[in-house]
Amino acid sequence: MTIYNLYIFDRHGTMLYYAEWNRVKQSGITRDEESKLMYGSLYSIKSFVSKISPLDTREGFLYYKTDKYALHYFETASGLKFVINTDCSSTGVKDLLQQLYAKVFVEYTVKNPIWTPGTPINSALFKSKLDEFIKQSPIYGLKNV
Amino acid sequence: MADEGLLEYLHFELVNYCVNDKKENETNQTQSSKISTLEYIGFSTGYRLIERLTREMPRFKDELDTVKFICTDFWSSVFKKQVDNLRTNHQGIYVLQDNTFRFLKQISNSSQYLDIAPAHVVFTCGLIRGTLANLGINAIVTAEIVSMPSCKFHIQVKH
């Protein structure tokens, strides 16, 4: 189970933070274009999922899986979107994202007086706490050979 | 009990308002006078707060005892922990050291953002000064930040 990379978007589509750990192949477009593509696609997928759903949905879109990776999505009530790419055998990723929001994002970004909402995150403390949090989670540890 | 985060949010809004706010019809307020506004707010708060905290306590034996009280009970009630280190030269100078100062904890733990850190300890300097003033000790309180989140407060008692 590994974690490849992480994106954090705010309600308006601005990418607040991006981090990668094991990404082997780049997408071939700039970081900016990639973030816009990611946000736009997620928005479309979310709306598609809720339209096509044969039942009343509570949560809506949770993740998609390909043969090589899975993309997990978590949205907070305030419109913050956490997107993480893991390998196919990861479990409990939703909880991971939830904990990440509560324990790392809120503690070290929301409570940081320097950060203005809507701008990218530059704090070194946030980066190191995020790194620590991801590395000590069981999902990151074992490589799926 | 109120949520712990409330004081942090309020404190940094206070700092932003006093220090960074650029009003249209701003008078010639220099940086230092904005800081003294913030310090004065801390002073008034400390002055009143200590009245409430020491309601049922007897008078302090001496100055050192008062400062020790600030390091333990007072610091615990405001910052949820005690001061980590207290030093004195027994002639009116005291140094209080807090290794994980509550208002600096979330900003950084290295030297990033060191330049704006002083604005965030000014309120606490005023708080300590107000507390001491109402306990009968006139002092000057300054702060020194070498590496976040630890911070030292220097108290100089005026005799």
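One salt bridge is counted between chain A and chain B. The model is a predicted one. The bridge joins Lys111(A) to Glu8(B), with the closest N and O atoms 3.6 Å apart. Lys111(A) and Glu8(B) are also part of a network of salt bridges that includes Glu107(A) and Arg102(B).

**The interface**

Across the interface of chain A and chain B, one residue pair is found in polar contact, with both residues at pLDDT 80 or more. On the side of chain A that touches chain B, the elements giving two or more residues are helix H2 (93–110) and helix H3 (124–135) of chain A. H2(A) gives the most to that side, with four residues. By class, this side of chain A has seven nonpolar, four polar and two charged residues.

In terms of contacts, 13 residues of chain A meet 14 residues of chain B. The two chains bury about 1,200 Å² between them, and 59% of this is on carbon and sulfur atoms. In chain A, the residues that lose the most area to chain B are Lys111(A), Pro113(A) and Leu125(A), which together make up 50% of what that side buries. Lys111(A) is thus named both here and in the salt bridge to Glu8(B).

**Aromatic pairs in chain A**

Over all chains, the structure holds 24 aromatic pairs. One of them is formed by Phe82(A) and Tyr101(A), an edge-to-face pair with 5.8 Å from centre to centre and 65° between the planes. Because Phe82(A) lies in strand E5 (residues 81–86) of chain A and Tyr101(A) in helix H2 of chain A, this pair ties together parts that are 19 residues apart in sequence. Phe82(A) counts as buried, at 0% relative accessibility, whereas Tyr101(A) is partly exposed, with a relative accessible area of 23%.

Phe105(A) and Phe126(A) form another aromatic pair; their ring centres are 6.3 Å apart and their planes stand at 85°, so the pair is edge-to-face. Phe105(A) is in helix H2 of chain A and Phe126(A) in helix H3 of chain A, so the contact ties together parts that are 21 residues apart in sequence. Phe105(A) is buried at 1% relative accessibility, and Phe126(A) is buried at 0%.

These four residues belong to one aromatic cluster, made up of Tyr17(A), Phe74(A), Phe82(A), Tyr101(A), Phe105(A), Trp115(A) and Phe126(A).

**Salt bridges within the chains**

The structure holds 13 salt bridges over all chains. Side chains of opposite charge can pair when their charged atoms come close. Three that lie within a chain are listed here.

| Salt bridge | N to O distance |
|---|---|
| Glu20(A) and Arg23(A) | 3.8 Å |
| Lys135(A) and Asp131(A) | 3.8 Å |
| Glu39(B) and Arg129(B) | 2.9 Å |

The Glu39(B) and Arg129(B) pair links distant parts of the chain: Glu39(B) is in helix H2 (residues 31–53) of chain B and Arg129(B) in helix H5 (residues 117–134) of chain B, 90 residues apart. Glu39(B) is buried, with a relative accessible area of 16%, while Arg129(B) is partly exposed at 25%.

Lys135(A) and Asp131(A), by contrast, are separated by about one helical turn, because they are four residues apart in helix H3 of chain A. Lys135(A) is partly exposed, with a relative accessible area of 44%, and Asp131(A) counts as partly exposed at 24%. Glu20(A), which pairs with Arg23(A), is partly exposed with a relative accessible area of 33%.

Conventions. Residues numbered from 1 in each chain as written. Chains lettered and ligands numbered in written order. Predicted model: local features only at pLDDT ≥ 70, side-chain atom pairs only at ≥ 80, totals over all residues. Heavy atoms only, no water. Contact = heavy atoms within 4.5 Å. Buried area = accessible area lost by both parts, 1.4 Å probe. Salt bridge = Lys/Arg side-chain N within 4 Å of Asp/Glu carboxyl O. Polar contact = N/O pair within 3.5 Å; in protein donor to acceptor, adjacent residues only side chain to side chain. Nonpolar A, V, L, I, M, F, W, Y, C, P; charged D, E, K, R; others polar. Phe/Tyr/Trp six-rings, centres within 6.5 Å; stacked < 30°, edge-to-face > 60°. Buried < 20%, exposed > 50% of the residue type's maximum accessible area, 1.4 Å probe, protein only.
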